[in-house]
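Here are some worked exercises to try with the model open beside you. Attempt each task before reading its solution.

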Amino acid sequence: MHLSPDGIIFWQHGFLKLNATIAFTWGLMFVLAVGSKLVTRRLSTDLQRSRWQNLLEIVVTAINEQIAEVGLRQPEKYLGFLGTLFLFVAIASIFTIVPGYEPPTGSLSTTAALAICVFVAVPLFGIEDRGLGGYLRAYLKPTVIMLPFNIISELSRTLALAVRLFGNMMSGTMILAILLTITPFIFPIAMSALGLLTGMVQAYIFFILATVYIAAATRTRKPEAKAEPKPEAKAEPKPEAKIESKPEAKAEAEPKE
Amino acid sequence: MDSTTLIAIASIVTAGLTIALGSIGPALGEGRAVATALSSLAQQPDAATTITRTLFVGLAMIESIAIYCFVVSMILIFANPFWNHIIAHAAGK
């Protein structure tokens with residue numbers, strides 16, 4: 001019994017290894033890229049559209065909404081990176097339905113790579129939004145004494161992202177493997193369903209945490225300077241308008257039904 | 001008792017204790033989190049989506065502590081460096 005798909009090696013030459021993690025990762029990338037390309041070949045904007053386009057629209061709109069709800073002001077800028085994070089981890093977990101498949105996120109290498117992507121993306125987005133000086137000044141934010149703690153927290157939350165995802169995925173596959181050897185088949189099936197659920201929850205958690213970290217790096221806060229109240233004032237009517245339009249949409253939907 | 005036996009005993013006992021003690025704290029914490037979430041849902045049902053989402057995010061953060069303990073326990077059982085070293089040593093003899 002192996003700890004991760006890294007143990008299944010298909011081909012080896014010197015220190016170059018083709019293991020199951022790499023193979024499954026590239027398979028997932030292929031499925032996501034080719035699938036999306038096939039669906040978006042003929043996009044239509046009128047009421048008649050294919051169901052796959054509908055599905056993708058639902059997914060993209062939901063991710064956009066989530067990013068906006070966390071507080072990022074232009075969700076489209078971050079949609080590519082954050083949406084890909086969510087979709088990759090979610091699809092990696094869903095495909096456990098396919099027999100013989102093991103989620104590549106069950107290997108610490110994959111999750112560490114994803115966490116390092118977030119670790120690099122947060123300063124990039126922060127500097128793009130606030131400038132290098134503004135972003136670095138945020139490290140001194142409560143007081144200057146907090147500087148080492150802020151740096152340590154950056155590193156530790158990256159590590160936590162990687163280990164959390166790895167632990168959840170690895171425990172799912174391992175429990176399945178252990179149960180298959182000792183219990184009747186119904187229990188592994190129930191555990192497999194639980195594994196699917198935790199996979200989706202962990203994908204959402206990874207995505208939301210990355211969003212929150214980026215929002216913490218880019219968001220301007222009220223007590224900082226007098227230039228801030230304008231973007232804050234702009235941001236506030238938007239959530240209010242959202243809340244007002246939602247009950248209206250609800251009231252409209254109910255008489256229709 | 002030679003070192004092989006000693007390493008084996010220590011690894012097994014530590015692995016069991018790690019996961020047993022390590023899941024107590026997160027379980028208590030998650031219980032409190034869900035209880036508070038339920039009471040705030042009862043107080044403000046229209047904030048249900050926000051509360052539920054925040055609850056799940058919080059639960060995942062609390063869960064990760066238990067996951068760390070699980071990972072240590074798994075490493076001790078399946079990828080134990082001390083065991084591998086002592087076995088390689090014994091096989092080399």
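**Exercise 1. The largest core**

Find which residues have the most contacts inside the largest nonpolar core, and which elements build that core.

*Solution.* Start with the ground rules: this is a predicted model, in which local features need pLDDT of at least 70, side-chain atom pairs count only at pLDDT 80 or more, and totals for chains, interfaces and linings use all residues. Residues are numbered from 1 along each chain as its sequence is written, while chains are lettered from A and ligands numbered from 1 in the order in which they are written.

Step 1: fix the terms. A residue is buried if 20 or more other C-beta atoms lie within 10 Å of its own, exposed if 12 or fewer, and partly exposed in between, with C-beta atoms placed from the backbone. A nonpolar core is a set of buried Ala, Val, Leu, Ile, Met, Phe, Trp, Tyr and Cys residues joined through C-beta atoms within 7 Å.

Step 2: list the centre. The largest nonpolar core has 37 residues, and those with the most contacts inside it are A:Leu82, A:Leu85, A:Val89, A:Phe206, A:Phe207, A:Ala210 and A:Ile214.

Step 3: assign elements, where helices (H or I, at least four residues) and strands (E, at least two) are DSSP runs numbered from the N terminus. Two or more core residues come from each of helix H1 (20–39), helix H2 (51–70), helix H3 (75–94), helix H4 (108–137), H5 and H6 of chain A. H6(A) gives the largest share, 10 residues.

Step 4: look at one member. Two residues are in contact if their C-beta atoms, placed from the backbone, lie within 7 Å. Setting aside neighbours within four places in sequence, A:Leu82 is in contact with A:Ile63, A:Ile67, A:Phe207, A:Ala210 and A:Thr211.

**Exercise 2. Two helices, two sides**

Work out which residues of H1(A) are buried and which residues of H2(A) are buried, then place them around each axis.

*Solution.* Step 1: check the lengths, taking the expected span as 1.5 Å times one less than the number of residues. The 20 residues of H1(A) should span 28 Å, and the end C-alpha atoms are 28 Å apart, which agrees. For H2(A), also with 20 residues, 28 Å is expected and the ends are 29 Å apart, which agrees.

Step 2: take H1(A). Its buried residues are A:Ala20, A:Thr21, A:Phe24, A:Thr25 and A:Leu28. They lie on the same side of H1(A) because they cover an arc of only 130° around the axis, the arc being that of the directions from the helix axis to the C-beta atoms. Exposed on the other side are residues including A:Trp26, A:Phe30 and A:Lys37. The buried residues pack against S2, H3 and H4 of chain A.

Step 3: take H2(A). Here A:Ile63, A:Ile67 and A:Val70 are buried. Their arc is only 65°, so they share the same side of H2(A). Among the exposed residues on the other side are A:Arg51, A:Ile58 and A:Glu65. The cover over the buried residues includes H3 and H6 of chain A. After H2(A) comes A:Gly71, with a positive phi near 125°.

**Exercise 3. The two chains**

Describe the elements of each chain, then say which elements of chain A touch chain B.

*Solution.* Step 1: chain A has eight helices and two strands, in the order β-β-α-α-α-α-α-α-α-α. Of its 257 residues, 23% count as buried.

Step 2: chain B has four helices and zero strands. Its radius of gyration, taken over C-alpha atoms, is 21 Å, well over the 12 Å that the globule rule (2.2 Å times the number of residues to the power 0.38) gives for 93 residues, so chain B is more spread out than a compact globule. Along the principal axes, its C-alpha atoms fill a box of roughly 70 × 20 × 10 Å. Buried residues make up 12% of the 93 residues.

Step 3: bring the chains together. 10 residues of chain A are in contact with 11 residues of chain B. On the chain A side, helix H5 (147–182) and helix H6 (186–218) give two or more residues each, and H5(A) gives the largest share, six residues.
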